[in-house]
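Me: Could you guide me through this model, one question at a time?

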Amino acid sequence: MGKYSVPESVRKLKPKGTMVKLISNNYYVYEYKTVKGDDGKRHTKMGSLIGCIKEGIGFIPNNSFVCDSEISTLDYGEYAITLVNSKNILSMLNEFFNPQDAAMIYVISIIHFINGFTYIKNIRDYFDMSILSLVFPSLKLGKETVSNLYESLGSRQTCILKMEERLVELSSGQIAIDEHVIGSASENNDLSEKGYKFKKIGEPQINLLMAYDINSKTPLISRIYEGASNDKLSVKDFLNQTELKNMLFIVDRGFYSTENISIFSSNGNAYIIPLGKNLKTCKAAVKSIEMNERFVYQKGKKSSVIECKDEIINGFRVLTYRDLNESATEQANYIRHMERGDKSYTTEGFEKNKDFMGVTVLQTSLTENTPQEVYELYKKRWGIETFYNYLKNQAGYNSLHIDNYCKAQGLAFIMLVSSLIYCEMEKRAKEINGKSLQDCLLEARMVKAHKRLERWSVTNCLKRQKELFEHFNVPLTIEELLHT
């Protein structure tokens with residue numbers, strides 16, 4: 001027996017399509033294949049190491065070995081609910097992308113929606129372990145395939161722009177724009193820079209900018225910008241992505257600049273923007289804090305009395321509001337700090353600032369709306385803040401590791417599509433009393449699909465789960481699901 005000879009008893013234990021080598025008294029198993037050489041003959045080519053064979057035990061795979069046995073249990077419930085109730089998203093993707101790309105974008109976005117932010121390398125595992133693999137059997141979602149898709153989406157954005165234009169066309173025309181800071185763990189990312197939140201998040205950042213319909217509560221446009229980029233400059237580029245006409249932009253004070261005000265007012269557009277305390281217009285507005293109007297602002301079961309005044313300052317309409325409830329809360333909070341002896345809180349400071357507590361100064365190009373209507377429109381901007389809370393706390397877009405510009409922009413679009421799916425699901429879940437969307441998904445997660453006697457069946461269905469599926473119009477057999 002030669003040095004590399006392997007006994008028959010060991011060769012019988014190796015998986016099909018592999019070869020065994022004896023090295024230092026251990027039997028190591030390698031992948032192999034036959035290839036045609038330059039001489040026209042077939043030759044054996046050894047591949048990567050996948051494990052070893054121990055006599056008396058058998059084949060022991062290492063971590064890189066992919067077992068070729070068939071998966072017989074799949075996640076069913078939450079994926080089935082999402083597939084049935086977000087078909088309109090897939091239909092829209094099919095309008096602008098070829099069917100294969102549309103299906104890939106849709107499936108990856110569902111995985112992000114259900115599992116939160118998912119690294120490219122893990123996409124295939126979620127796909128293989130869910131009924132997505134039965135519904136879309138032709139898809140191959142390996143690391144290289146998904147990575148190439150992200151890069152292609154980022155470098156060839158024509159289809160994305162057309163879809164975003166459609167979303168804008170279908171919107172209410174009242175749009176909030178805001179920024180969400182995301183940590184970036186990649187040193188090679190072209191967009192990763194130390195931004196203004198570096199001390200807080202402890203790493204470089206990238207900035208996600210989104211346009212959001214304040215009435216339908218739906219995201220419309222999504223882009224990622226450099227971590228150190230100025231909001232004023234980013235929003236100018238952002239608004240040039242698609243043609244925006246006859247829109248009302250409700251934006252944060254960080255986007256204020258003379259040039260941006262002009263952009264917000266062009267093409268029949270209008271705007272509402274809060275003014276920073278250091279702006280001359282704001283200082284002129286609060287020089288006199290006398291309010292000559294008041295109204296009641298109602299949000300849900302809560303109401304507050306709002307005092308206001310309406311002026312023209314430097315050629316712009318400026319509205320100053322004081323929320324009496326908020327003013328009282330801020331004054332009480334200030335006094336508590338004084339009583340605790342906090343050095344920054346003094347009697348002189350209280351007297352100086354008490355009249356400005358609960359005060360908001362807005363500049364707007366709207367001329368026909370009453371002060372109350374302008375205020376109520378502005379308060380709807382809070383919807384995008386709630387949406388960003390979802391991205392941060394539920395979807396988990398807090399720290400990304402993505403290594404180039406195009407892939408980052410591709411991910412921004414996946415985030416948009418995933419968010420569209422979330423919004424559709426949120427609407428359906430709200431129709432169920434006493435349950436949130438998270439409650440519904442957790443309840444559905446317990447339901448699995450098992451393969452028995454060559455047939456797939458749905459199991460673990462309790463009465464409450466059947467009622468949940470009935471509400472979401474989800475069938476309880478694989479065959480019905482594949483034909484919905």
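Reply: Buried means under 20% relative accessible area, exposed over 50%, and partly exposed in between (1.4 Å probe, protein chains only). The model is predicted, with local features needing pLDDT of at least 70 and side-chain atom pairs 80 or more, while totals for chains, interfaces and linings use all residues. Residues are numbered from 1 along each chain as its sequence is written, and side-chain values use heavy atoms, leaving out hydrogens and water.

Me: How many residues of strand β7 are buried?
Reply: Strand β7 (a DSSP run of E, at least two residues, numbered from the N terminus) covers residues 205-213. Gln205, Asn207, Leu209, Ala211 and Asp213 point one way, Ile206, Leu208, Met210 and Tyr212 point the other way, and all are buried. The strand is therefore largely enclosed by the rest of the structure, the buried count being nine of the nine.

Me: Which residue in β8 is the bridge partner of Ile206?
Reply: Strands β7 and β8 (residues 218-226) run antiparallel and are joined by eight bridges, where pairing requires at least two bridges found by DSSP. For Ile206, the bridge partner in β8 is Glu226.

Me: Which residue takes a positive phi in the hairpin of β7 and β8?
Reply: This hairpin has four residues between its strands. The positive phi, near 55°, belongs to Lys217.

Me: Which residues of β7 does Ile177 touch?
Reply: Contact here means heavy atoms within 4.5 Å, and residues up to four places away in sequence are not counted for Ile177. Beyond β7, Ile177 touches residues including Val235, Phe238, Phe249 and Ile384. Within β7 (residues 205-213), Ile177 touches Leu209, Met210 and Ala211.
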